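Welcome to my notebook. I went through this structure one topic at a time and wrote down what I looked up.

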Amino acid sequence: MKALASAVVASTAVMMALATGTAGAQVNAGEQKPEASVPFNMDQVATFNLPWRIAFLPDGRMLITEKVGPVWLVTPQGQKTPVSNAPAVLFQGQGGMLGIYASPKFESDHFVYLTYAEPGDGGSSLALAKAKLSFGEGTASLDNLQVIWRDGERGRGGQFGAAIAFSPDGQSLFLTVGDRQRFTPAQDPNQPLGKILRLTLDGKPAPGNPGAGKTGEKSVPVIDPARDTEAAKTAPVVRTYEFPGANLTPAETWTTGHRTQYGLAFAPDGRLWELEHGPRGGDELNLIEPGKNYGWPLVSYSTNYNGVPIPSPDTRADLAKPVIYWTPVIAPGNFVFYKGNKFPQWQGSALIGGMATRSISRVTFDGKGGAAPAERWDVGKQIRDIAVAPDGTVWVVENGNPGGLYKLTAK
């Protein structure tokens with residue numbers, strides 16, 4: 001046990017060291033024009049009702065969630081098998097069945113992780129569950145499903161985040177928890193909303209988190225979203241919100257100040273990157289560094305939906321800035337780092353699905369914490385998720401009802 005604890009602490013130290021690279025100047029990729037031609041074919045393989053996430057299994061089959069509730073086991077040829085024993089979800093607004101992810105030890109443990117809007121009194125909470133995927137003759141099931149973490153916030157509406165990334169050593173997981181469009185909780189150290197958490201594979205606070213052993217702040221200054229528009233142009237109004245229970249320990253928290261984080265992935269160099277929605281402008285690609293505050297709703301390269309401007313991140317040196325932002329928005333669905341031989345020119349870069357722009361964008365990385373936009377391809381479909389199969393092919397699902405599953409092959 002002592003050896004295992006030492007290994008976990010060492011792994012945490014490596015991740016923190018990797019995260020110390022400083023990102024370059026902020027880049028607005030919102031005005032980027034699509035390329036004149038698309039270098040791949042998109043072939044539809046199957047159709048779903050509001051598909052949300054793809055999780056590839058080692059044998060090339062994939063698990064696909066539908067926001068309305070079902071989970072499917074799908075072959076590369078498009079044959080669909082319903083996965084039984086999926087948990088009940090509250091399908092409403094941005095809630096429903098959301099993420100699904102194969103365990104980093106899937107070949108030996110057959111576990112999968114699910115994130116979803118768990119129904120309950122007063123609405124729903126974000127739940128993280130773990131189950132064993134079992135196969136029969138033409139059947140598949142989620143066995144011994146157990147909720148290992150839930151936010152407990154309840155309420156209706158809002159955006160849940162609900163993305164998972166496993167640490168490179170396979171010993172912990174990172175979970176994005178959206179602010180549910182409630183603004184203030186993203187800066188409240190005693191609430192999970194608007195945070196990225198680092199948990200063990202069993203849903204407990206992972207050892208070595210930056211907030212472990214610390215108590216929360218009693219008050220946090222937050223921009224008031226209802227402030228007067230004209231006055232805010234010259235002197236934004238800031239209110240200080242008092243939070244009860246400030247003696248709680250945010251032992252799960254890795255970073256704070258996030259809005260709607262639909263993308264989370266480790267780069268080949270071990271750095272963690274996150275992709276989130278802004279309101280009217282300000283979608284962000286962030287280099288995630290432990291303990292940092294990413295500013296929402298204090299700052300953003302955007303305005304609120306009601307037209308009220310938000311102070312620029314350039315006004316707050318104490319808050320982490322995005323490496324790339326998009327104004328106007330692309331409304332990112334998710335992103336993936338490419339690894340494979342089908343598109344060797346993309347090796348190590350990220351592919352981002354855009355829903356508002358109906359596009360796929362490629363971003364390159366310098367290995368020092370910097371990133372730069374490369375191409376944007378107009379594909380004519382709202383790309384909700386994008387994933388790389390074990391054979392190096394790229395697959396996407398379309399945000400729609402019906403929404404297609406497409407395989408990308410090089411022209």
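**Loops and unusual backbone**

I started with Q181, which I found in the loop between β12 (172–177) and β13 (195–200). The model is predicted, so I am reading computed values throughout. Q181 caught my eye with a positive phi of about 55°, although it is not a glycine. I then asked myself how exposed Q181 is. At 36% relative accessibility, Q181 counts as partly exposed.

R154 was my next stop: its phi is positive too, at about 55°, and it is not a glycine. I located R154 in the loop between β10 (139–150) and β11 (161–166). With 26% relative accessibility, R154 counts as partly exposed. I noted these two because most residues other than glycine have a negative phi, and most peptide bonds are trans.

That second point sent me to the cis bonds. I found W296 and P297 joined by a cis peptide bond, with omega at about -5°. P297 belongs to the loop between β19 (283–288) and β20 (324–326). N401 and P402 are also joined by a cis peptide bond, and here omega is about 5°. P402 sits in the loop between β26 (394–398) and β27.

**An open sheet**

From P402 I moved on to the strands β26 and β27. They belong to an open sheet of 4 strands, in the order β2-β27-β26-β25, with antiparallel pairing. Which strands stand at the edges? I found β2 (40–48) and β25 (383–388) there, each with a single partner strand, so one side of each is left without a neighbour in the sheet. Neighbouring strands of this sheet are turned by 25° against each other on average, direction ignored.

I looked at one pairing in detail: β2 is joined to β27 (residues 403–410) by 8 bridges, and the two run antiparallel. In this pairing I saw D43 opposite K407 of β27.

**Strand β4 and its two partners**

Next I checked whether β4 (residues 62–66) is buried or exposed. It is mostly covered, with 5 of its 5 residues buried. I went through both faces: M62, I64 and E66 are buried on one side, and L63 and T65 are buried on the other.

On one partner, I noted that β3 (residues 51–56) pairs with β4 in the antiparallel sense over 4 bridges. P51 has E66 as its bridge partner in β4. The hairpin of β3 and β4 has 5 residues between the strands, and G60 takes a positive phi near 95° in it.

On the other partner, β4 and β5 (residues 71–74) pair in the antiparallel sense over 4 bridges. M62 stands opposite V74 in β5. This hairpin has 4 residues between the strands, and in it G69 takes a positive phi near 145°.

**Nonpolar cores**

I then turned to the inside. The largest nonpolar core has 32 residues, and Y113, L128, W149, I164, L173 and L175 touch the most other members. Several strands supply at least two residues each to this core, including β8 (111–120), β9 (123–136), β10 and β12. Which strand gives the most? I found that β11 does, with 5 residues.

I followed L175 for a closer look. Leaving out residues up to four places away in sequence, L175 touches, among others, T115, L128, W149, I164 and L264. Apart from this core lies another, of 20 residues, among them V71, A102, A127 and L142.

**Aromatic rings**

My last topic was rings, and I noted that the structure holds 16 aromatic pairs. F56 and W395 form an edge-to-face pair, 6.2 Å centre to centre with 65° between the planes. This pair links distant parts of the chain, as F56 is in β3 and W395 in β26, 339 residues apart. Both F56 and W395 are buried.

Y113 came up again here: with F166 it forms an edge-to-face pair, 5.4 Å centre to centre and 65° between the planes. Y113 lies in β8 and F166 in β11, so the pair ties together parts that are 53 residues apart in sequence. I found both Y113 and F166 buried.

I also saw F40, Y338, F343, W346 and W377 linked into a cluster by ring pairs. Finally, I looked for charges over rings. The charged end of K80 sits over the ring of W72, 4.7 Å from its centre. R259 lies over the face of W296, at 5.4 Å from the ring centre, and W296 is the residue I had met at the cis bond with P297.

How values were computed: Residues are numbered from 1 along each chain as its sequence is written. This is a predicted model: local features need pLDDT of at least 70, side-chain atom pairs count only at pLDDT 80 or more; totals for chains, interfaces and linings use all residues. Side-chain values use heavy atoms; hydrogens and water are left out. Two strands pair if DSSP finds at least two bridges between them. Axes are lines fitted to C-alpha atoms, for helices over the stretch in contact, and angles run from 0 to 180 degrees between N-to-C directions. Buried means under 20% relative accessible area, exposed over 50%, partly exposed in between (1.4 Å probe, protein chains only). A nonpolar core is a set of buried Ala, Val, Leu, Ile, Met, Phe, Trp, Tyr and Cys residues joined through side-chain atoms within 4.5 Å. Contact means heavy atoms within 4.5 Å. Rings of Phe, Tyr and Trp (its six-membered ring) pair if their centres lie within 6.5 Å; planes under 30 degrees apart count as stacked, over 60 as edge-to-face and the rest as tilted. A charge sits over a ring if NZ of Lys or CZ of Arg is within 6 Å of the ring centre and within 35 degrees of the ring normal.
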